[in-house]
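Me: Can we go through this model together? I'd like to begin with how the chains meet.

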Number of protein chains: 2
Amino acid sequence: MNELFGVLKPLGLLEAVAGAQHPATLAELSASMNVPKPTMHRWLGSLENAGLVQRTPDGRRYELASRASKLAFSILSNKPAGAIRHEILLRVVQEVGESCNLTVLEGTQVTYLDRVESKWPLRITFQQGSKVPAYCSASGKLFLALLPPAKRDLILRDLKLERQTENTITEKSELIRELKQIRQDGYALDREEFLAGLICLAVPIFQKKGRLRSCVAALAIQAPVTRLSHPEILTKLPVLQDAAEALAATLND
Amino acid sequence: MNELFGVLKPLGLLEAVAGAQHPATLAELSASMNVPKPTMHRWLGSLENAGLVQRTPDGRRYELASRASKLAFSILSNKPAGAIRHEILLRVVQEVGESCNLTVLEGTQVTYLDRVESKWPLRITFQQGSKVPAYCSASGKLFLALLPPAKRDLILRDLKLERQTENTITEKSELIRELKQIRQDGYALDREEFLAGLICLAVPIFQKKGRLRSCVAALAIQAPVTRLSHPEILTKLPVLQDAAEALAATLND
DNA sequence: GCATAAATTCCGAAAAATGGAATGTATTTT
DNA sequence: AAAATACATTCCATTTTTCGGAATTTATGC
């Protein structure tokens, strides 16, 4: 990736903070970006001042702040890359005949970034921007499964598994087992765990970070069980995975 | 939203481009951000050069480019730990039914890092970032109590105990006795010492440092005495302590 | 094809960023 | 408990950018 010059150098810092696995200290950032400490100090001060970055409570490390999330959402809900992604969703809906959505994880909830509805009269209408608990949705469980273990534990630790339907997973041990299975399969199912009668299938969208890759978004289809039952919905897997790769390409080009 | 200064001004431009309904022309952006055209031209050039922004096919308008998406996904997938903490506060409020806040000690004052209000019509409305004297608040006294003795003495030496209410502790000897009690209990109370009618309960959030641990932040609930009186508020202790541990976990990942 | 508006380039003046060194502060080791 | 180390922050003379009015070029609309 080409470096950021001139006025934009501190923006490279935002990328660095966003890409870090753990909140980093000034010294670490200074070293990793090869920038003198006083300069780094000033840059971080600016970002902090702007509300894009904040210090951890102990005051020694830096992490993203709320304005960064706001910026991220306004970027993603905007064209043109958004339009390209939307086209891909349209194709998926056309090919599998069911509603389809693109989601990201926000804390313990899954947020709909984009969504295309199927043409069927019977369909579930979520709207873009709405949120759903992670532990009882296909995308959500997928995110939890693919998160770095430390971060996953952090979220699981404080998670309340409230029953939504007969099938909702309400035991942590069972959820942990399910996540393990998901990691093996590479996809996640929601077997009427959030809404009775609604079944979902989700696949991950990876972003390469150096030689690592992290799951930054998920692509899922939703269908009434009456139209697509459990074994059957898996036949749509190839289409989804194909689309997921196309979506990933918009990130990794 | 506060403006972006200095080095970050072009980042404000990125926000503007992201927030625009349609790809905007240089002149539009120039006008909406109140920046001379040559300057805007240079800024857009930088962003374009960096791959954050691109021109529409006709070359006259600017829209977001792929690197912006990449950055956005990076931000969202690196869920700020601060947001995780915020969710923990939400849970606490949900469970105890009273306003709740996360504070740190800054000199002789307590600063609100984050705060979630209760749903009651009668409630105390502090805002994030506001400050309160340490000697007459639950969190503040907690910090003082748990500080290393040397540092505590330094602060206590030239602390002026100004009366805020009937109950404010205005004698140093009494404050010192109170701090000792707090160390024993592991929690601190504010019995209408800062605001008449307001009672608070605070618990420490520890960060491990080698084989030591230090109190870097505090979690507290605030309630009108009419709703939660002194012995009664202590029943909320377990919830608070549990949340404090969850919060502590977000510090060491 | 001409008038008008927008985009781009120029460049000297002005402002801001830079980073080595010094100072302050916290943490670890002896 | 004290010294040593590592880290964070401030200072400030120097250098490097940025800034934007004016001029020039290019595109648009009538």
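Me: How many residue pairs are in polar contact between chain A and chain B?
Reply: The count is 10 residue pairs, both residues at pLDDT 80 or more. Keep in mind that this is a predicted model.

Me: Which helix gives the most to the side of chain A that touches chain B?
Reply: Helix H4 of chain A, residues 66-76. Helix H4 puts in nine residues.

Me: And how do the residues on that side of chain A divide into nonpolar, polar and charged?
Reply: There are 34 nonpolar residues. The rest divide into 14 polar and 14 charged.

Me: How many salt bridges between chain A and chain B?
Reply: The count is six.

Me: Where do B:Arg91 and A:Asp158 come in?
Reply: Their side chains meet in a salt bridge, at 3.5 Å from N to O.

Me: What area is buried between chain A and chain B?
Reply: About 5,500 Å². Carbon and sulfur atoms give 62% of that area.

Me: Which three residues supply more than any other three of the area chain A buries against chain B?
Reply: A:Pro57, A:Arg67 and A:Leu154. Together they supply 12% of what chain A buries there.

Me: How many residues does each chain bring to the contact?
Reply: Chain A brings 62 residues, and chain B brings 57.

Me: A:Leu154 sounds worth following up. Which residues of helix H7 of chain A are buried?
Reply: A:Leu154 is one of them. The others are A:Lys151, A:Arg152, A:Ile155 and A:Leu156. Helix H7 of chain A covers residues 149-157.

Me: What do the buried residues of H7(A) pack against?
Reply: Helices from both chains. Chain A offers helix H6 (138-146) and helix H8 (172-185). Chain B offers helix H5 (81-96) and helix H10 (237-249).

Me: New topic. What does the domain assignment of chain A give?
Reply: Domain 1 is 6-67, and domain 2 is 77-252. The C-alpha centres of these two domains of chain A lie 32 Å apart.

Me: Now A:Val96. Where is A:Val96 placed, and is A:Val96 buried or exposed?
Reply: A:Val96 is in helix H5 of chain A, residues 81-96. A:Val96 counts as buried because its relative accessibility is 8%, under the 20% cut-off.

Me: What is A:Val96 in contact with, leaving aside neighbours within four places in sequence?
Reply: A:Ile221, A:Lys236 and A:Val239. As for A:Ile233, its C-alpha atom is separated from that of A:Val96 by 9.4 Å. Those two residues are 137 residues apart along the chain.

Me: Over to chain B. Where is B:Gln222, and is B:Gln222 buried or exposed?
Reply: B:Gln222 is in strand E9 of chain B, residues 212-224. B:Gln222 counts as buried, at 6% relative accessibility.

Me: Which side chain does the side chain of B:Gln222 make a polar contact with?
Reply: That of B:Tyr112, at 3.3 Å. Beyond four places in sequence, B:Gln222 is in contact with several residues, including B:Glu98, B:Arg115, B:Phe126 and B:Cys200.

Me: Last topic, backbone angles. What is phi of A:Asn34, and where is A:Asn34 found?
Reply: Phi of A:Asn34 is near 60°, a positive value in a residue other than glycine. Most residues other than glycine have a negative phi. A:Asn34 is in the loop between helix H2 (26-33) and helix H3 (37-50) of chain A. A:Asn34 is exposed, with a relative accessible area of 69%.

Me: And A:Glu192, what is its phi?
Reply: Near 55°, again a positive value. A:Glu192 lies in the loop between strand E7 (188-191) and strand E8 (198-209) of chain A. At 25% relative accessibility, A:Glu192 counts as partly exposed.

Technical notes
Residues numbered from 1 in each chain as written. Chains lettered and ligands numbered in written order. Predicted model: local features only at pLDDT ≥ 70, side-chain atom pairs only at ≥ 80, totals over all residues. Heavy atoms only, no water. Contact = heavy atoms within 4.5 Å. Buried area = accessible area lost by both parts, 1.4 Å probe. Salt bridge = Lys/Arg side-chain N within 4 Å of Asp/Glu carboxyl O. Polar contact = N/O pair within 3.5 Å; in protein donor to acceptor, adjacent residues only side chain to side chain. Helix = DSSP H or I, 4+ residues; strand = E, 2+ residues; numbered from the N terminus. Nonpolar A, V, L, I, M, F, W, Y, C, P; charged D, E, K, R; others polar. Buried < 20%, exposed > 50% of the residue type's maximum accessible area, 1.4 Å probe, protein only. Domains from an automatic or database assignment.
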